[in-house]
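Hi everyone, thanks for coming. Let me put the structure up on the screen, and then we can walk through it together.

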Amino acid sequence: MEGKTVIITGANSGIGKETAKDLAGRGARIIMACRNLETANAVKDEIVKETNNSKILVKKLDLGSQKSVREFAADIVKTESKIDVLIHNAGMALAFRGQTSEDGVELTMATNHYGPFLLTHLLIDLLKKSAPARIVIVASELYRLSSVNLAKLNPIGTFPAAYLYYVSKFANIYFARELAKRLEGTRVTVNFLHPGMIDSGIWRNIPFPLNLPMMAITKGFFKTTKAGAQTTIYLATSDEVANVSGKYYMDCKEATLNAAALDEEKGLKIWEESLKIVKLTPQEPKI
C-alpha cells in the first residue's frame, strides 16, 4: 500500500481503528475521518508509534451532518491529488428512542446511509481521476432482519430505534449494488461486506431485549475487532478483487444475498429518493 491514500470513516475505534492500523503498517497514507477529534488524535499517535508510519492525518467528519460532509469533501478535493481507497466504515446504533439530525433526517439513517451516499457523490470525480480506485462499504448480515420501506425513507419516530440499524445496513447494500452498476467501466470498484459481529463499538448501546435478534444472527459468537477488520482489509488491498465490483463478502469470501437485496428496481428508487434527502445540487457531482 506504499504510495496509496486511504480514507477511513470512523477510524478512531473498533474495526475502523484496526483497519487504519493494518493499512498504516502496509505503508498507506491514512486519512482518519472522525467525529471525535480528541479520540482520533490519540488513536493516530498510537498507530504512528506502532507502525512507524507518520503519514496519518485526522480530519473532522460527522456523517450525521450534511454540512460536515460537504466541508470534509471540499477539504479533500482541495488538498488531495488522489484517493486510492474510500472505506465507509463508520456506523451508529441507537437503542429505544430515535434522534433527528440537524438536517431533519433520522440520525441512524443520516449517519449510516445518507452521509456515505452524499460523501461518495462529492468525492467521485477525484476517485475516478485516481483510478484504479476502490470503494469499500461495511454493511451487515443484520440486513436480513429488516426491509427498507420506500414510503418511509426518513423513518423519524420508528420505535425501537435500534431496528433502524438493520434498515440502514440494508440501504448500504442497495446503495453499493447500484453504485457498482453506475461505475462500470470507470475502474472504480465497489464491494461491500459483513465484518462479523464485533464485541465492541456500537453494540454497547443496545439493551436487552433489543439485542436478541442480533444474538440470533451471531449465535452469541463475537469476533475481536482485529478479526472483524480482515474482510475490509482484504477488499481494500487484495489483488484477487482488483477487478471485482458489486459483490458481497464475508470472511474474505464472496457471500450470497437474499432475494430482496437483489431487487434492482427498489435499489434505483432508494437512490433517487436519497438524492433528494441529501439535497444534491446541480453544481455537485453526479454518479
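Let's begin at the start of the chain, where strand 1 (residues 5-9), helix 1 (residues 14-25) and strand 2 form a right-handed β-α-β unit. Helices (H or I, at least four residues) and strands (E, at least two) are DSSP runs, numbered from the N terminus. Right-handed means that, with the strands pointing away from the viewer, the path from the first strand over the helix to the second runs clockwise. The chain then crosses from strand 2 through helix 2 to strand 3, and this β-α-β crossover is right-handed too.

A word on what you are looking at: this is a predicted model, where local features need pLDDT of at least 70 and side-chain atom pairs count only at pLDDT 80 or more, while totals for chains, interfaces and linings use all residues. Residues are numbered from 1 along each chain as its sequence is written, and side-chain values use heavy atoms, with hydrogens and water left out.

Now the pairing. Strands 1 and 2 run parallel over five bridges, with Val-6 standing opposite Ile-30 of strand 2. Strand 2 is also joined to strand 3 by five bridges, again in parallel, and there Met-32 faces Val-58. For two strands to count as paired, DSSP has to find at least two bridges between them. Helix 2 (residues 37-51) lies across strand 2 (29-34) and strand 3, and runs at about 175 degrees to strand 3. Those axes are lines fitted to C-alpha atoms, for helices over the stretch in contact (heavy atoms within 4.5 Å), and angles run from 0 to 180 degrees between N-to-C directions.

How many residues of strand 2 are buried? Five of the six are, so strand 2 is largely enclosed by the rest of the structure. Buried here means under 20% relative accessible area, with exposed over 50% and partly exposed in between (1.4 Å probe, protein chains only).

Let's step back to the whole sheet. Eight strands form an open sheet in the order 3-2-1-4-5-6-7-8, with mixed pairing. Its edges are strand 3 (56-60) and strand 8 (253-254), each pairing on one side only.

Moving along, strand 4 (residues 85-88) and strand 5 (residues 133-138) run parallel and share four bridges; Ile-87 stands opposite Val-136. Strand 5, helix 5 (residues 163-182) and strand 6 give us another right-handed β-α-β unit. Six bridges join strands 5 and 6 in parallel.

Strand 6 (residues 188-194) is worth a pause, with seven of its seven residues buried. In a regular strand the side chains alternate between the two faces of the sheet. Here Val-188, Val-190, Phe-192 and His-194 are buried on one side, and Thr-189, Asn-191 and Leu-193 on the other. Leu-193 has bridge partners in two strands: Val-138 in strand 5 and Tyr-249 in strand 7.

Last stop: Ser-101, in the loop between strand 4 and helix 4. At 9% relative accessibility, Ser-101 counts as buried, and among the residues lining the largest cavity are Ser-101, Gly-64 and Ala-110. The largest share of that lining, three residues, comes from helix 4. On a 1 Å grid over the protein atoms alone, a cavity is a set of points where a 1.4 Å probe fits but cannot get out, and lining residues have an atom within 4 Å of a point.

Methods
1 Å grid on protein atoms, 1.4 Å probe; cavity = no way out; pocket = protein on both sides within 12 Å on 5 of 7 lines; lining within 4 Å.
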